[in-house]
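Thanks for coming. I have one structure for you this morning, and I will go through its contacts and its helices in turn.

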Amino acid sequence: MNDKPAGKERAELIIRKYANLIYRVAYQNICNRADADDIFGEVCLAVMTKNPPSDSEEHLRKWLITVTLNKCRNMKKSAWRTRNEPLDDHIDLPSEDARQVMEELSRLPENYRNVVYLYYYEEYTIAEIGEILGKSPNTVSTWLRRAREKLKKILEE
């Protein structure tokens, strides 16, 4: 992939089409609206300054998710983030049950949380998740199984 920037029109189309996906992935990783907004802005900047894949829609979606997850990891490692508390710790979801599941999901380790989110919410296969995260399908499958076990234990309590 070269680093020639995408055309303004193409970048705008990509951002409009995938804005919800980018924001959802950022929010479920960061669990804070303000930080998710910042991540969204950084991903938009990457779309405008890099050359996103144009061979298929699926490849583009995977690229956007990977960029978003990388931006989230970078934010979590920042010194500012480790010394501050988030302003909001929940998302306004339609039902109390959905809010509880999202809260419990946020208690899982990051790798489990990402696998569960991509599998159930974005409907990727285990092999596709492995590609996105740069892990083998066996690793992804193990993380998914362990995440289900942990969630089951948490929700039974």
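Let me begin with a term. By a polar contact I mean a pair of N or O atoms within 3.5 Å, where, within protein, one must be able to donate a hydrogen and the other to accept it. What you see is a predicted model. In it, the side chains of arginine 61 and tyrosine 124 make a polar contact of 3.1 Å. Arginine 61 sits in helix H3. Leaving out residues up to four places away in sequence, arginine 61 touches Tyr18, Leu21, Glu122 and Tyr124.

Now the overall layout. The protein chain has eight helices and zero strands, so to speak in order, the elements read α-α-α-α-α-α-α-α from the N terminus. The protein chain has 157 residues, and 37% of them count as buried. Among contacts with a separation of 6 or more, 69% are between residues 24 or more positions apart. The exposed surface of the protein chain is about 9400 Å², with carbon and sulfur atoms supplying 50% of it.

Next, helix H7. Which residues of helix H7, residues 126-133, are buried? They are Ile129, Gly130, Ile132 and Leu133. These residues lie on the same side of H7, because they cover an arc of only 165° around the axis. The cover over the buried residues of H7 includes helix H3 (57-77), helix H6 (110-121) and helix H8 (137-156). Just after H7 comes glycine 134, which has a positive phi of about 70°.

A little further on, in the loop between H7 and H8, is serine 136. Serine 136 is partly exposed, at a relative accessible area of 35%. The side chain of serine 136 makes a polar contact of 3.0 Å with the side chain of threonine 139. If you want a distance back to the start of this stretch, the C-alpha atoms of serine 136 and isoleucine 126 are 9.0 Å apart, and the two residues are 10 residues apart along the chain.

On to charges. Side chains of opposite charge can pair when their charged atoms come close. How many salt bridges does the structure hold? The count is eight. I will take three of the pairs.

One of them joins lysine 62 and glutamate 131, with 3.1 Å between the closest N and O atoms. Lysine 62 is in helix H3 and glutamate 131 is in helix H7, so this pair ties together parts that are 69 residues apart in sequence. Is each partner buried or exposed? Lysine 62 counts as buried, at 12% relative accessibility, whereas glutamate 131 counts as exposed, at 56%.

Another pair is glutamate 110 with arginine 73, where the closest N and O atoms are 3.6 Å apart. Here glutamate 110 comes from helix H6 and arginine 73 from helix H3, so the parts tied together are 37 residues apart in sequence. Both ends have an intermediate label: glutamate 110 is partly exposed at 26% relative accessibility, and arginine 73 is partly exposed with a relative accessible area of 29%.

The third pair I picked lies within one helix. Arginine 145 forms a salt bridge with glutamate 149, and the closest N and O atoms are 3.6 Å apart. The two residues are four apart in helix H8, which means that about one helical turn separates them. Arginine 145 is partly exposed, with a relative accessible area of 42%, and glutamate 149 is partly exposed at 45% relative accessibility. Elsewhere, salt bridges that share partners join Arg24, Arg61 and Glu122 into one network. Arginine 61 is the residue I began with, the one with the polar contact to tyrosine 124.

Last, the cysteines. A disulfide is a covalent bond between the sulfur atoms of two cysteines. How many disulfides does a search of the whole structure find? It finds zero. Take cysteine 72: the closest cysteine sulfur is in cysteine 31, and at 9.6 Å the sulfur of cysteine 72 is too far from it for a bond. Cysteine 72 is buried, with a relative accessible area of 0%. Cysteine 44 is also buried, with a relative accessible area of 9%.

That is the end of my list.

Methods:
Residues numbered from 1 in each chain as written. Predicted model: local features only at pLDDT ≥ 70, side-chain atom pairs only at ≥ 80, totals over all residues. Heavy atoms only, no water. Buried < 20%, exposed > 50% of the residue type's maximum accessible area, 1.4 Å probe, protein only. Contact = heavy atoms within 4.5 Å. Areas by Shrake-Rupley, 256 points an atom, 1.4 Å probe, with all protein chains shown as cover. Disulfide = S-S within 2.5 Å. Arc of directions from axis to C-beta. Salt bridge = Lys/Arg side-chain N within 4 Å of Asp/Glu carboxyl O.
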